[in-house]
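Trainee: I would like to go through this structure one step at a time. Please show me the chain before we start.

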Amino acid sequence: MLDIPVLISGGGPVGLTASLLLSRHGVRSLLVERHPGTALTPKARGINARTMEVFRQYGIDAAIRDAGLAEGGTGLIVWTETLAGKEIERRVPGRATAKSMAATPVKNCLCAQDDLEPVIRRFAESAGPGMLRFNTELTSFSQKTGGVTGTLTDRTTGQETPFTARYLIAAEGAQSRVRRQLAVNMVGSRECLRQRQYSVPRRPHPVGPASACRALFCRARRPPCHVPYDQRHRSLGAS
Ligand SMILES: Cc1cc2nc3c(=O)[nH]c(=O)nc-3n(C[C@H](O)[C@H](O)[C@H](O)COP(=O)(O)OP(=O)(O)OC[C@H]3O[C@@H](n4cnc5c(N)ncnc54)[C@H](O)[C@@H]3O)c2cc1C
């Protein structure tokens, strides 16, 4: 039986940050992430100033800025019906305003999730060596007086490990199993999940305007289809 003070389920930005912060405060935790590594798709790009303040407090803001887009590196976010289809909307990404700059010295940042997560992971692993396990899923849990018990499953071997923890942090994202089991409702519209959405973060590249862009194409009620960017041929990998 694995006995740990805090189990963190999910290795997205929230889980990775929780792991880092707990380690920095001397609290032992174990983070489990069901995928083999960090995000492969860009997903979130805009990190607001408040979040950057937290990253700054823990000394990782500069590394995140380095991993993200240079200021002014994106002109637009464009939504279209398909990769080559009709344009739905385009927006200039949010910038630090004079009003927000008066409240904090920290600026927002554009760093897509697949660039952000490896940075937080690196710091979390260095602050808590051996405290992050990938390919490992929280497959069941129940609450007891004074803690949580449950099972972790190694997704490569199928091996199950029972655990007991004082606290469970469910950082499992929108489809969280823990949230559903605890009957915690989602608040707000899910309209965006039913739309077709295509977003292309771009970054400047010496060779040409289409270079170094990556794409995420989401279809209604189907898993997102990731369109990888081929660095070598400077083209999108699929249509
Ligand atoms: C196209 C797109 C654009 C977006 N743009 C923005 C933006 O600009 N700004 C912004 O703030 N947000 C944006 N978001 C939302 C943002 O991606 C989420 O808010 C963010 O990912 C939430 O982080 P998280 O760590 O809570 O969850 P996630 O990033 O979803 O991570 C959860 C992790 O938990 C793992 N997991 C789940 N269940 C288990 C389990 N039982 N055991 C082990 N692991 C488990 C999953 O594999 C996943 O890796 C965007 C999302 C999309 C799809």
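Trainee: Among contacts between residues at least 6 apart in sequence, what percentage join residues at least 24 apart?

Mentor: This is a predicted model, and the contacts here are computed from it. A pair counts as a contact when the C-beta atoms lie within 7 Å. Taking pairs at least 6 apart in sequence, the share that joins residues at least 24 apart is 61%.

Trainee: How many helices and strands does the chain have?

Mentor: The chain has 239 residues, of which 27% are buried. Its elements number 7 helices and 15 strands.

Trainee: In what order do the 6 strands of the open sheet lie?

Mentor: The pairing in this open sheet is mixed. Its edge strands, each pairing on one side only, are β7 (132-133) and β8. Read across the sheet, the order is β7-β2-β1-β10-β9-β8.

Trainee: Which residue is the bridge partner of L31 in β7?

Mentor: Start with the strands. β2, residues 29-32, pairs with β7 in the parallel sense over 2 bridges. In β7, the partner of L31 is L132.

Trainee: Over how many bridges do β1 and β10 pair?

Mentor: β1 covers residues 2-9 and β10 covers residues 160-170. S9 stands opposite A170 in β10. The two strands pair in the parallel sense, and the number of bridges is 7.

Trainee: Is the crossover from β1 through α1 to β2 right-handed or left-handed?

Mentor: β1 and β2 pair in the parallel sense over 4 bridges, and L7 stands opposite L30 in β2. The chain passes from β1 through α1 to β2, a β-α-β crossover that is right-handed.

Trainee: Now the ligand. Which element gives the most residues to the shell around the ligand?

Mentor: The shell has 24 residues, and the closest are G10, G12, V14, A44 and G173. Two elements give two or more residues: α1 (13-24) and β8 (136-144). With 3 residues, the one that gives the most is α1.

Trainee: How many residues of the shell around the ligand are polar?

Mentor: Glycine needs care in this count, as Gly is placed among the polar residues. The shell has 7 nonpolar and 7 charged residues. The polar residues in the shell number 10.

How values were computed
Residues are numbered from 1 along each chain as its sequence is written. This is a predicted model: local features need pLDDT of at least 70, side-chain atom pairs count only at pLDDT 80 or more; totals for chains, interfaces and linings use all residues. A residue is near a molecule or strand if its C-beta atom, placed from the backbone, lies within 6 Å of it. Two strands pair if DSSP finds at least two bridges between them. A residue is buried if 20 or more other C-beta atoms lie within 10 Å of its own, exposed if 12 or fewer, and partly exposed in between; C-beta atoms are placed from the backbone. Two residues are in contact if their C-beta atoms, placed from the backbone, lie within 7 Å. A crossover is right-handed if, with the strands pointing away from the viewer, the path from the first strand over the helix to the second runs clockwise.
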